[in-house]
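Thanks for coming, everyone. Let me put the chain on the screen and walk you through it.

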Amino acid sequence: PPVLLEAGDQVILGSSRLTVQVDGGQGGTGAPLLVALQPSDQWPAQDWRLGPGAPVTVGRAADNAVVLPDASVSSQHALLFPWAPPGARPGWYLADRGSSNGSYLRLAAPRQVSRLVGLTPGHRYCAGSCTLRVCRFPAGVADSCGRRPSMEDAHCLIDNLPLRPPTGA
């Protein structure tokens, strides 16, 4: 599912890290998006000013609006797009385009408390080297119904995850 981007978020695509800023503060679908590639041993820092209004492709191929010189990034890796979904905040969103290595979002700078984000089935939460996947069914549902386990049943890692705001939020 697409995820809303906010100022300071880090988008991690393969080995590449992009820092996101929305021009004009929190902005909305009409605010330009500023994207900065963090430098590494293999590539220099680079900046893009994108928008407003049009979807932006990100990947290794030369036909993307944001081209990343990283072999671990897919040729058509991700899409950044302005969106005003019903019942949710308008703004710039991130969606993976079926990449080989996935797209990850770091919600806060190191050692800072992040904002709350809703998790839905299909989302993965990474903490250190552990990855938790949000599923629709508790582990073992198929077995208890006398059915063959589904793929989701076999890979369910989160069961009844309480989503509560942190103390003082």
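**A walk through the chain**

Let's start with one residue: Gln 10 lies in strand β2. Strands here are DSSP runs of E, at least two residues long, and helices are runs of H or I, at least four long, each numbered from the N terminus. Before going on, a word on the source: this is a predicted model, where local features need pLDDT of at least 70 and side-chain atom pairs count only at pLDDT 80 or more, while totals for chains, interfaces and linings use all residues. Residues are numbered from 1 along each chain as its sequence is written, and side-chain values use heavy atoms, with hydrogens and water left out.

Back to Gln 10. Is Gln 10 buried or exposed? Gln 10 counts as buried, because its relative accessibility is 15%. The cut-offs: buried is under 20% relative accessible area, exposed is over 50%, and partly exposed is in between, with a 1.4 Å probe and protein chains only.

Which side chain does Gln 10 join through a polar contact? That of Arg 17, at 3.0 Å. A polar contact is a pair of N or O atoms within 3.5 Å; within protein, one must be able to donate a hydrogen and the other to accept it, and residues adjacent in sequence count only if both atoms are side-chain atoms.

Gln 10 has other company too. Leaving out residues up to four places away in sequence, Gln 10 touches Arg 17, Leu 18, Thr 19, Gln 38, Tyr 104, Leu 105 and Arg 106. Contact means heavy atoms within 4.5 Å.

Take Tyr 104 from that list. Tyr 104 lies in strand β10, residues 103-106. Tyr 104 counts as partly exposed because its relative accessible area is 37%. Its C-alpha atom is 8.8 Å from that of Gly 14, although the two residues are 90 apart along the chain.

**The whole chain**

Now step back. The chain has two helices and 12 strands. Reading from the N terminus, the order is β-β-β-β-β-β-β-β-β-β-β-β-α-α. There are 169 residues, and 33% of them are buried. The exposed area is about 10,200 Å², with 53% of it from carbon and sulfur atoms. These areas come from the Shrake-Rupley method with a 1.4 Å probe; for residues, only the protein chains shown count as cover. Of the contacts between residues at least 6 apart in sequence, 40% join residues at least 24 apart.

**The core**

Next, the inside. In soluble globular proteins, nonpolar side chains tend to be buried together. The largest nonpolar core here has 20 residues. Such a core is a set of buried Ala, Val, Leu, Ile, Met, Phe, Trp, Tyr and Cys residues joined through side-chain atoms within 4.5 Å. Which members touch the most others? Leu 13, Leu 18, Trp 48, Leu 50, Val 58, Leu 68 and Leu 80. At least two core residues come from each of β2, β3, β4, β5, β6, β8 and β9. β4 gives the most, with three.

Look at Leu 13. Beyond its neighbours within four places in sequence, Leu 13 has contacts that include Leu 18, Val 58, Leu 68 and Val 73.

**The open sheet**

Five strands form an open sheet with mixed pairing, in the order β1-β9-β8-β6-β7. The edges are β1 and β7, each pairing on one side only. Strands pair if DSSP finds at least two bridges between them. β1 and β9 are antiparallel, over two bridges, and Val 3 has Leu 94 in β9 as its bridge partner. β6 and β8 are also antiparallel, over three bridges. There, Val 56 stands opposite Leu 80 in β8. β6 and β7 run parallel, joined by two bridges, with Val 58 opposite Val 66 in β7.

**The aromatic cluster**

Last stop: rings. How many aromatic pairs does the whole structure hold? Three. Rings of Phe, Tyr and Trp (its six-membered ring) pair if their centres lie within 6.5 Å; planes under 30 degrees apart are stacked, over 60 edge-to-face, and the rest tilted.

Phe 81 and Trp 83 form a tilted pair, 5.9 Å centre to centre and 45° between the planes. Trp 83 and Tyr 93 form an edge-to-face pair, at 5.1 Å and 75°. That pair links strand β8, with Trp 83, to strand β9, with Tyr 93, 10 residues apart. Tyr 93 is at 5% relative accessibility, so Tyr 93 counts as buried. Phe 81, Trp 83 and Tyr 93 form one aromatic cluster.
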